[in-house]
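Okay, thanks for coming, everyone. Let's pull the model up on the screen and take a few minutes to walk through it.

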Amino acid sequence: MGAMKVGALERYSQRMGRLVERHLAEAALIAARQLAEREAAEAKAARREIEITATALREEVAERERTQARLAYLATHDPLTALPNRTWFNDALAERVREAGGQNRKVALAYLDLDNFKDVNDTLGHEVGDQLLCLVAERLMAALKPGQSVARIGGDEFALIMPDARSAHAAAGVASALIALLRTPFEIANRPIFVGASAGVSLFPDDAGDTDLLHRHADLALYRAKADGRNRCTIFDQSVHDEVERRALLEQALREPGLFDQLQVAYQPQIDLRAGRFSGVEALLRWQHPRHGWMWPAEFIPAAERSGQILPIGKWVLLESCRQAARWLEEGLPPMTMSVNVSALQFRAGGIPALVAETLRETGLPPSALELEITETALMNPADDPAAVMGALHEMGVALAIDDFGTGYSSLSYLRQIKADRIKIDQSFIRDAPDNEDAAVIATAIVQLAHSLRLEVVAEGVESATHMDFVRRNGCDFAQGYFFSKAVAPDAIRELALRTTEPDPVS
Ligand code: C2E
Ligand code: MG
Ligand code: MG
């Protein structure tokens with residue numbers, strides 16, 4: 001090959017080399033560009049994915065927060081009335097007490113309980129009951145002053161915190177105003193619904209140094225307000241504490257085994273004023289506790305009603321007194337009426353006719369020798385229809401007396417409707433009649449109305465010749481009271497019954 005050829009080839013190859021290099025460089029550039037584009041697209045997709053995930057996460061967190069808030073709300077609020085509940089209230093009270101403790105201020109706690117909510121629920125149904133609770137909550141909320149809080153802490157129980165209370169009396173004033181507010185009837189389904197309320201107040205730090213005690217004392221004061229006749233506000237004090245302790249002791253003692261060995265029935269004579277002779281007895285329960293001594297029915301019957309023990313006790317009294325009456329008949333004593341008290345709670349629990357029938361069968365006492373004494377309030381809201389219960393007793397031949405008449409709300413015509421045979425005018429009228437004109441007028445009117453409806457009238461609590469004179473003049477049919485005799489043991493009744501039938505050898 002010539003030198004020229006070699007030179008040309010070299011040049012050619014150099015040119016080719018450059019060309020290739022350029023192409024290669026271009027290809028590399030394109031590849032690099034493509035790579036960059038792909039990477040950018042991938043990065044964008046990745047970013048979008050990250051964003052989607054982040055949004056989902058944020059959403060999830062928000063949802064979780066919403067759920068937690070909802071749970072927290074539910075945990076601290078009453079779903080029915082939307083008021084704060086007991087949990088919230090306890091925390092709030094603890095907080096207020098903590099604040100006040102450091103600053104030498106007082107905090108008042110008031111418990112507020114509706115008086116006849118159960119009656120509304122029982123007679124008008126739970127739906128009306130629920131509506132009523134909501135309306136009560138609304139009224140309470142609307143009456144709150146700044147700083148005060150109210151909560152629903154139980155079925156028909158509300159509680160109020162009054163921070164910065166001046167005194168227990170001032171707090172009681174606020175609670176009494178709320179009670180007055182609830183006295184105005186509520187309107188549900190176009191009918192007025194009446195509920196009263198009772199309240200109990202305790203004060204930090206005067207009555208209690210911590211919230212537990214503050215709660216307990218407000219509750220005790222409320223308990224006392226209820227026991228004193230409801231529709232009132234009671235302030236906690238030592239006497240409330242002592243009394244409640246006594247009640248707890250009673251309730252405890254009522255549950256002890258051996259109770260029925262400690263019970264006795266005493267019998268108080270009743271006198272037929274027209275015939276001028278002994279006509280029957282009222283069975284009155286007596287309880288001698290081995291450690292606490294004599295307990296009185298006015299005290300322990302309500303305790304037995306609270307604990308439900310009144311049901312077995314009432315059954316026992318009925319059996320015991322029917323057994324005694326049957327024994328007297330068997331011994332040849334003249335026929336007399338055995339009057340047995342039936343508690344409102346027993347009556348409300350239902351099943352009275354069946355219990356009476358069973359007791360009469362077991363003791364062999366003729367139904368005509370038995371009378372049940374029921375208070376006016378027992379006739380309100382019983383489990384069974386009162387007229388039906390009375391009808392069943394009547395068909396059996398058992399008589400019915402309305403006890404403590406004049407202290408409740410029943411009308412005399414209602415008593416006719418439910419087939420009562422006798423009314424017992426409450427002792428308070430007889431006690432006050434000789435000196436108090438109003439009591440005398442009422443007692444006289446009751447006797448006249450009762451007679452016009454062919455109901456017999458028993459005067460209770462006849463203690464003196466003056467009382468006796470009054471009940472005679474007013475035409476009462478029967479009398480019962482210390483003037484004749486206290487409640488006594490069966491033997492004393494036997495003597496009395498025999499004395500009034502057999503001629504007295506001395507006279
Ligand atoms: P109550 O049925 O109205 O009985 C009359 C109460 O008045 C009796 O009180 C009786 O001892 C008392 N008393 C009678 N005469 C006079 C008097 O002249 N002056 C005065 N100041 N009081 C007189 P007690 O035995 O303490 O019973 C009180 C209440 O306890 C009874 O009132 C009755 O509601 C209830 N109770 C008594 N025994 C029973 C029972 O076996 N079952 C039920 N469910 N309640 C009973
Ligand atoms: Mg009675
Ligand atoms: Mg009575």
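I'll go through the metal sites, then a helix pair, then a few spots in the loops. One thing up front: this is a predicted model, so please keep that in mind throughout.

Let's start with the magnesium ion that's ligand 2. Which protein atoms act as its donors? You've got Glu282 through an OE, Asn341 through OD1, Glu373 through an OE and Asp403 through an OD, and they lie 2.0 to 2.2 Å from the ion. If you like reading these things off the sequence, the spacing along the chain is E-x58-N-x31-E-x29-D. Take two of those donors as a pair: asparagine 341 is in strand E11, residues 337–342, and aspartate 403 is in strand E13, so this pair links parts of the chain that are 62 residues apart. In terms of accessibility, asparagine 341 is partly exposed, at 28% relative accessible area, while aspartate 403 is buried, at 7%.

Now hang on to aspartate 403, since it takes us to the other ion. Aspartate 403 coordinates both ligand 2 and ligand 3, and those two magnesium ions are 4.1 Å apart. So what are the protein donors of the magnesium ion called ligand 3? Here the list reads Asp403 (OD), Asp404 (OD), and then Glu460 (OE) twice, at 2.1 to 2.4 Å from the ion. The spacing for ligand 3 is D-D-x55-E along the chain. Aspartate 404 sits in strand E13, residues 399–405, and glutamate 460 sits in the loop between strand E15 (456–459) and helix H17 (465–473), so that pair ties together parts 56 residues apart in sequence. Buried or exposed, what do we say for glutamate 460? Glutamate 460 counts as buried, because its relative accessibility is 7% and the cut-off for buried is under 20%. Aspartate 404, at 26%, is partly exposed.

Okay, rotate round to the helices. Helix H4, residues 126–143, and helix H5, residues 168–183, have axes that come within 10 Å and cross at roughly 140 degrees. Why do I call that oblique instead of antiparallel? Roughly antiparallel starts over 145 degrees, so H4 and H5 end up as oblique to each other. The crossing of H4 and H5 is right-handed. Who's meeting whom? From H4 it's Val136, Arg139, Leu140 and Ala143, and from H5 it's Leu178, Leu181 and Leu182. By class, that contact has 6 nonpolar residues, 1 charged and no polar ones.

Last bit: backbone oddities and a serine. Phenylalanine 204 and proline 205 are joined by a cis peptide bond, with omega about 0 degrees. Proline 205 is in the loop between strand E6 (197–204) and helix H6 (211–227).

Then a couple of positive phi values. Aspartate 164 isn't a glycine, yet its phi is near 65 degrees, and you'll find aspartate 164 in the loop between strand E3 (157–163) and H5. Lysine 419 also has a positive phi, about 65 degrees, and lies in the loop between helix H14 (412–417) and strand E14 (422–425). Lysine 419 counts as partly exposed, at 41% relative accessibility.

And finally serine 485, in the loop between strand E16 (478–479) and helix H18 (490–501). Serine 485 is buried, at 16% relative accessible area. Leaving out residues up to four places away in sequence, serine 485 touches Gln268 and Pro269.

That's my tour. Over to you for questions.

Technical notes: Residues are numbered from 1 along each chain as its sequence is written. Chains are lettered from A and ligands numbered from 1 in the order in which they are written. This is a predicted model: local features need pLDDT of at least 70, side-chain atom pairs count only at pLDDT 80 or more; totals for chains, interfaces and linings use all residues. Side-chain values use heavy atoms; hydrogens and water are left out. Axes are lines fitted to C-alpha atoms, for helices over the stretch in contact, and angles run from 0 to 180 degrees between N-to-C directions. Helices (H or I, at least four residues) and strands (E, at least two) are DSSP runs, numbered from the N terminus. Angles under 35 degrees count as roughly parallel, over 145 as roughly antiparallel, 65 to 115 as roughly perpendicular and the rest as oblique. A crossing is left-handed if the near helix is turned anticlockwise from the far one by less than a right angle, and right-handed if clockwise. Contact means heavy atoms within 4.5 Å. Ala, Val, Leu, Ile, Met, Phe, Trp, Tyr, Cys and Pro count as nonpolar, Asp, Glu, Lys and Arg as charged, and the others, Gly among them, as polar. Donors are N, O and S atoms within 2.8 Å of the metal (3.2 Å for Na, K and Ca); water is not among the atoms, so sites may look incomplete. Buried means under 20% relative accessible area, exposed over 50%, partly exposed in between (1.4 Å probe, protein chains only).
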